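The exercises below ask you to read a protein structure step by step, with a task sentence first and a worked solution after it. Please keep the sequence and the structure in view while you work.

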Amino acid sequence: MELDRTGLHSVLSIVVVLLMSSRAVAYDPLDPTGNITIKWDVMSWTIDGYVAVVTMNNFQMYRQIMSPGWSMGWTWAKKEVIWSMVGAQATEQGDCSKFKGSIPHCCKRTPAVVDLLPGVPYNQQIANCCKGGVVAAYGQDPAAAVSAFQVSVGLAGTSNRTVKLPNNFTLLGPGLGYTCGPAKVVPSTTFLTPDKRRKTQALMTWNVTCTYSKFLASKHPTCCVSFSSFYNDTIIPCPSCACGCENKNCIRSDSKILSTPGINTPKKDNTPLLQCTHHMCPVRVHWHVKLNYKEYWRAKIAITNFNYRMNHTQWTLVVQHPNLDNVTEVFSFEYKPLVAYGSINDTGMFYGMKYYNDLLMEAGVYGNVQSEVLLRKDADAFTFKQGWAFPRKVYFNGDECMLPPPDVYPYLPNSSPVSARVILHNLAAPLLALLLLLMAPPW
């Protein structure tokens with residue numbers, strides 16, 4: 001049966017949507033190689049299985065895993081069980097009734113594992129564990145961009161040939177957004193002894209790669225951007241309902257409910273409690289063009305949290321702007337350029353100074369952080385016209401923020417072309433003098 005034009009158009013539309021949802025949505029042009037890699041290193045064989053160290057490396061430049069932390073899951077290939085864990089724990093034990101002696105830590109075929117909290121006894125810890133599931137962005141703190149635990153697996157193979165790799169890996173970080181590929185056997189990881197004179201290696205190693213998609217995480221943006229400048233009195237606010245207005249669970253900033261004990265306690269499902277605003281975004285970023293010097297110009301960046309239930313630890317702000325290749329000084333934030341495409345240096349990451357403003361508090365009096373940035377002018381490209389002084393893209397904690405439409409940016413006063421009002425004003429005096437002369441009496 002042949003398809004008519006309408007039917008063919010519908011089929012092509014469906015194919016395009018499927019291709020976009022499967023591949024393109026996970027690609028980040030500002031961090032093209034960013035991913036989370038989960039590595040399993042089999043360190044020893046046991047009577048009925050193996051002991052493995054599982055390491056999660058966050059190779060994303062500006063996206064971290066915040067509190068309440070990551071949750072990892074998979075499906076066993078056979079009837080494996082977890083005898084014990086160090087540095088993490090399974091959230092459910094499952095049905096272990098068939099075991100008469102020692103009871104496994106977890107008997108579920110699809111276990112869900114979470115990191116332990118800080119302060120657990122030392123005999124339950126290994127290196128890079130026990131941070132409550134919080135993992136820093138690689139571009140911000142590479143040493144803190146890793147999490148690990150040890151697992152003893154039973155009823156599994158006891159050699160490289162008999163071990164079956166787990167499948168259907170899932171990663172919550174802490175919400176939706178990550179998609180994990182299949183486990184793949186890779187060359188065994190090598191280790192150096194403390195004296196660095198001997199090299200050992202894992203008995204077997206496999207990797208799992210997980211990528212992030214904003215479309216899977218949320219159907220709406222989670223932040224928005226507003227603009228202002230010294231040369232224009234207009235303040236351009238965030239677009240209305242920039243983050244969706246379906247969530248009616250908001251309270252006014254002067255509400256008496258805010259004095260209720262426990263109002264700032266996060267919920268298990270991480271649902272926000274927002275301050276009522278026209279944009280209904282948990283976070284707003286404001287970019288203000290503050291001063292203009294002969295060879296430099298100065299912008300102020302302010303980040304405001306409107307969520308009464310969320311503290312943003314180790315937050316990151318990524319800005320794409322053509323003049324970020326000439327950053328001279330950043331006053332209250334840390335700054336790192338992100339060069340994704342070789343010589344093109346128009347993107348940078350701002351983040352808080354440790355123990356000073358790396359914590360963005362929940363909504364309220366202290367729910368904001370701010371800094372100023374000084375940039376050198378490029379004589380060949382610099383201009384304040386047509387919104388050039390404002391960023392092209394803004395990301396907060398790895399999610400792209402909604403910007404106002406370009407046609408409402410605060411533009412320079414239109415002083416270069418002579419306006420009709422100025423022309424009439426300049427012609428008014430000569431015309432009036434001529435009119436008086438013509439109307440004057442002949443004597």
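Two strands pair if DSSP finds at least two bridges between them. Helices (H or I, at least four residues) and strands (E, at least two) are themselves DSSP runs, numbered from the N terminus. The model is predicted, so local features need a pLDDT of at least 70 and side-chain atom pairs count only at pLDDT 80 or more, while totals for chains, interfaces and linings use all residues. Residues are numbered from 1 along each chain as its sequence is written, and side-chain values use heavy atoms, with hydrogens and water left out.

**Exercise 1. A hairpin**

Find out how many bridges join strand β14 to strand β15, and in which sense the two strands run.

Solution. Begin by locating β14 at residues 223-229 and β15 at residues 232-236. Two bridges join these strands, which run antiparallel. Next, look for one facing pair, and you will find phenylalanine 227 opposite isoleucine 236 in β15. Finally, follow the chain from β14 to β15, where a hairpin joins them through two residues.

**Exercise 2. An open sheet**

Determine which strands stand at the edges of the open sheet of four strands.

Solution. First write down the order of the strands, which is β5-β6-β3-β8, with antiparallel pairing. β5 (88-90) and β8 (167-172) each have a single partner strand, so one side of each is left without a neighbour in the sheet, and these are the edges. From one strand to the next, the twist averages 20° (the axes are lines fitted to C-alpha atoms, for helices over the stretch in contact, and angles run from 0 to 180 degrees between N-to-C directions). As a last step, take β5 and its pairing with β6 (residues 112-115), which is antiparallel over three bridges; here glutamine 89 stands opposite valine 114 in β6.

**Exercise 3. The partners of β26**

State over how many bridges β19 and β26 pair, and then do the corresponding task for β22 and β26.

Solution. β19 and β26 pair in the antiparallel sense over nine bridges, and arginine 298 stands opposite leucine 374 in β26. Strand β22 (residues 327-330) is joined to β26 by three bridges, again with an antiparallel run. Within β26, valine 373 is the bridge partner of valine 330.

**Exercise 4. Aromatic pairs**

Describe the aromatic pair of tyrosine 50 and tryptophan 206 by its distance and its angle.

Solution. Start from the rule: rings of Phe, Tyr and Trp (its six-membered ring) pair if their centres lie within 6.5 Å, and planes under 30 degrees apart count as stacked, over 60 as edge-to-face and the rest as tilted. The structure holds 25 such aromatic pairs. In the pair of tyrosine 50 and tryptophan 206, the rings lie 6.1 Å centre to centre with 85° between the planes, an edge-to-face arrangement. Tyrosine 50 belongs to strand β2 (residues 50-58) and tryptophan 206 to strand β13 (residues 204-212), so the pair ties together parts that are 156 residues apart in sequence. Tyrosine 50 is buried at 1% relative accessibility, and tryptophan 206 is buried with a relative accessible area of 0% (buried means under 20% relative accessible area, exposed over 50%, partly exposed in between, with a 1.4 Å probe and protein chains only).

Now treat tryptophan 297 and tryptophan 388 in the same manner: their ring centres are 6.4 Å apart and their planes stand at 55°, so the pair is tilted. Tryptophan 297 lies in strand β19 (residues 296-305) and tryptophan 388 in the loop between β26 (368-376) and β27 (393-396), 91 residues apart. Tryptophan 297 and tryptophan 388 are both buried.

**Exercise 5. Two residues and their surroundings**

Decide whether serine 147 and lysine 354 are buried or exposed.

Solution. Serine 147 has its place in strand β7 (residues 146-154), and at 2% relative accessibility it counts as buried. Its side chain is joined to that of tryptophan 70 by a polar contact of 3.2 Å (a pair of N or O atoms within 3.5 Å; within protein, one must be able to donate a hydrogen and the other to accept it, and residues adjacent in sequence count only if both atoms are side-chain atoms). Leaving aside neighbours within four places in sequence, serine 147 is in contact (heavy atoms within 4.5 Å) with residues including Val54, Met56 and Asp115. Lysine 354, by contrast, lies in the loop between β24 (347-352) and β25 (359-360), and at 57% relative accessibility it counts as exposed.
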